[in-house]
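This report walks through one protein chain, from its overall make-up down to single residues. Please keep the sequence and the 3D view open while reading.

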Amino acid sequence: MTAADRRPIVWAFSTSRLRHVFESVAPLMADVAEVRVFDKGFEEALQIARELRQAGEEVDAFVAAGTNGAYLRDHADVPVVVVTASTVDALQALVQARKLSKRIGVVNFRRTVAGLEGVHLIDDTVIEQRPYVTPEEGQAAVDDLSARGFKVIVGPGPICSVAERAGLRAVLLYGQDSLEEAIRQAAEVARIARAEVARRTHLQAMFQHLEVGMVAVDTEERIQAINPALQRLLGVTAAEVQGRRLSAVAPELALGPVLEGGPPEVETVQRIGVSAAVVSRFPLHEHGVQLGAVLTCQPAPMIQRLERGLRSTHRPPRFVARYALSGLVGDSPAMVRLRELAGRYARTDATVLITGESGTGKEMVAQGIHGASRRRDRPFVAVNCAAFPETLLEAELFGYEEGAFTGSRRGGRPGLFEAAHTGTLFLDEIGDVPVTLQTRLLRVLQERQVLRLGSNDPTPVDVRVIAATHRDLRQAIARGEFREDLYYRLDILPLHLPPLRERGEADVELIASDLLKRALLRHDAADAHRRALSMVLPRLRGHAWPGNVRELENVLERVAVLFADRDPRARVTEEELAAVMPEVSESARAAVPVDPPAPLAAPIDLRAARAAQERALIERTVAECGGNQAEAARRLGIGRTTLYRKLGRART
């Protein structure tokens, strides 16, 4: 019998109670693979495996679970299959756990267990899932569940041991079904690996005579063949790298995305050491099964025809603008002026500072400016500066080198400035950037060079910056919260977005019609647009819209849900509508006099009527605030100056 015909040999490693399950399953899988079980884990498992293989023992794949499996997968030079919990085993474990307690914690490695979402609906059982990566995270998850009254823990063997040491009951998550599936996967991996070995000689012979650097890897990214051209470029020999992961030998050439099912990458420009190269990555398939991937690397002279993309990195599809300036709805003078000014700004590369209250559409305007600019076909990268703590925001913006800090990604990572190269970077909530980070930001805007964390070599970038904030940056400067020099570097082309309450009812109605139409389309109720709009519009009048367009969108989404999934003959009542629009309905009622005057013989002056409604709402709010005009202005969502002006006009 040849090596290609024999049964796969699989070694299973576990130091927990899972080992006993492996031992019971191994005889049942004899027709699939020859399974050998070891009471070893982590480095001890690798050591015993090395000793046995040096003594002539053969093995095709390892099987292990949890952190042990992850460790072996990262360090072993043979394929490793990590056991995952099947839904069948998970449900069986829950049945066993339910006999012990109604409050069950499921702590699983890296991910939650699929299929358990609705189990707790069967009775009053409470199930809470917690993923973990490190043993410390697993310990913390068990401690937290224990503190919250969970009496039984379902999880891998090490987690069961942690739970029992904490005085809890424990049920092993993995069972026969999970281990059988893992062994089958290991046998299949072994079969594919042996097939790859049969091709290796052919590939190596083909590679030897090519001027283009080439390397072939298996599904675990282990190098199977590498030709002399790439050996010279990397400064290695085939003997040194055979069987090692390509990402460990040359992180910049990693093939992870292609091996994970991503599309081929053709002619991307990368830096390898001190040289630039054109790199292509392709998956290897046979009979619809992916067997690995191939990378080709062409020397620097080939890059001349790709000069435009020399410093560009691969641009993910998410870095695109979705909105255009034509999508800014509204015919008020303020909006007409805004569209005109934004269109003019789009024709330049100068920095734009967009100001306005939350919910006025600052990012939409930024995307529209990008879409109307010469950079429209390049990346549009947006980041909310208020969404990250300082240390993470710094790494997000400027990127980092490998080893720059604990937990940094292998091979480092480019920042958003680099991702936006030749395009536009939108810095939302720029007023919330910590002062200590504003200095670095100012330097990038001045020098147009980015210095990654942990690096001494700056990277030139060609980026158009658009910043936005709802804060008054001049007041922030006075309080020492924002650098004045950064403000003037940003405030080259200022653009202010008016709040919805200052744009007039005509704009509110136009926006409401557009948003309601989109919301009804999402809920398959497009036919209800005219009927819903006629009921909604009267209720929108008189509301101050403190949340601006975002608040209006939320209100109309609730209205769309109300009209969705209804018999067209079933009429929506005013009471139902008021229930989904409480804040708007209250404003509308407050703006209408309790005892409306008798009909006038003369024509009604709509402007005067609206002014009267506004005056009534303002005076009522001031009275409710005990005369505190500042608090009244906050509730109404207007500035104090506007409130004083309107009150002064009312009294004259």
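**Overall make-up**

The chain holds 26 helices and 22 strands. The model is a predicted one. The chain has 652 residues, and 46% of them count as buried. Among contacts with a separation of 6 or more, 64% join residues 24 or more positions apart.

**Cysteines and cavity**

The disulfide count is zero. Cysteine 160 is buried because its relative accessibility is 0%, under the 20% cut-off. Cysteine 385 is buried as well, at 2% relative accessibility.

The count of cavities of 30 Å³ or more is one. The volume of the largest cavity is about 40 Å³. Its lining consists of Pro79, Val189, Ile192, Ala193, Glu196, Asp218, Thr219 and Glu220.

**Threonine 424 and arginine 375**

These two residues belong in one picture. Threonine 424 sits in strand E18, which covers residues 424–428. Arginine 375 sits in a loop, with helix H13 (362–371) on one side and strand E15 (380–384) on the other. Threonine 424 has a relative accessible area of 1%, so it is buried. Arginine 375 has a relative accessible area of 3%, so it is buried too.

Which side chain does the side chain of threonine 424 meet in a polar contact? The partner is the side chain of histidine 370, at 2.7 Å. Arginine 375 also uses its side chain. A polar contact of 2.8 Å links it to the side chain of aspartate 462. The arginine 375 side chain also reaches the backbone oxygen of threonine 422, at 3.3 Å.

Now the contacts, leaving out residues up to four places away in sequence. Threonine 424 touches His370, Arg375, Pro379, Phe380, Val381, Val463, Arg464 and Ile466. Arginine 375 touches Asp349, His370, Thr422, Gly423, Thr424, Asp462, Val463 and Arg464. Arg375 thus appears among the contacts of threonine 424, and Thr424 among those of arginine 375. His370, Val463 and Arg464 appear in both sets.

**Helix H20 and what follows**

Helix H20 runs over residues 529–540 and has twelve residues. From first C-alpha to last it reaches 16 Å, close to the 16 Å expected at 1.5 Å a residue. Its buried residues are His529, Ala532, Leu533, Met535, Val536, Leu537, Arg539 and Leu540. An α-helix has 3.6 residues a turn, so residues three or four places apart point the same way. In H20, His529, Ala532 and Leu533 are among the buried residues.

Just after H20 comes glycine 542, with a positive phi of about 95°. Tryptophan 545 is in the loop between H20 and helix H21 (548–563). Tryptophan 545 is not a glycine, yet its phi is positive, at about 50°. Most residues other than glycine have a negative phi. Tryptophan 545 counts as buried because its relative accessibility is 1%.

Glutamate 429 is another such case. This residue is not a glycine, and its phi is positive, near 55°. Glutamate 429 lies in the loop between E18 and helix H16 (435–447). With a relative accessible area of 11%, glutamate 429 is buried.

**Positive phi values**

| Residue | Phi | Citation |
|---|---|---|
| Glycine 542 | about 95° | just after H20 |
| Tryptophan 545 | about 50° | not a glycine |
| Glutamate 429 | near 55° | not a glycine |

**Two residues toward the chain ends**

Is lysine 646 buried or exposed? Lysine 646 is buried, because its relative accessible area of 19% falls under the 20% cut-off. Lysine 646 is part of helix H26, residues 640–651. Beyond its neighbours within four places in sequence, lysine 646 contacts Glu614 and Ile618. Lysine 646 and isoleucine 618 are 28 residues apart along the chain, and their C-alpha atoms are separated by 8.4 Å.

Alanine 30 belongs to the loop between helix H1 (18–25) and strand E2 (34–38). Alanine 30 is partly exposed, because its relative accessibility of 35% lies between the 20% and 50% cut-offs. Alanine 30 and arginine 7 are 23 residues apart along the chain, with 8.9 Å between their C-alpha atoms.

Notes:
Residues numbered from 1 in each chain as written. Predicted model: local features only at pLDDT ≥ 70, side-chain atom pairs only at ≥ 80, totals over all residues. Heavy atoms only, no water. Disulfide = S-S within 2.5 Å. Buried < 20%, exposed > 50% of the residue type's maximum accessible area, 1.4 Å probe, protein only. Helix = DSSP H or I, 4+ residues; strand = E, 2+ residues; numbered from the N terminus. Expected span 1.5 Å × (residues − 1). Polar contact = N/O pair within 3.5 Å; in protein donor to acceptor, adjacent residues only side chain to side chain. Contact = heavy atoms within 4.5 Å. 1 Å grid on protein atoms, 1.4 Å probe; cavity = no way out; pocket = protein on both sides within 12 Å on 5 of 7 lines; lining within 4 Å. Points joined across faces, edges and corners; volume = space filled by probe spheres on them.
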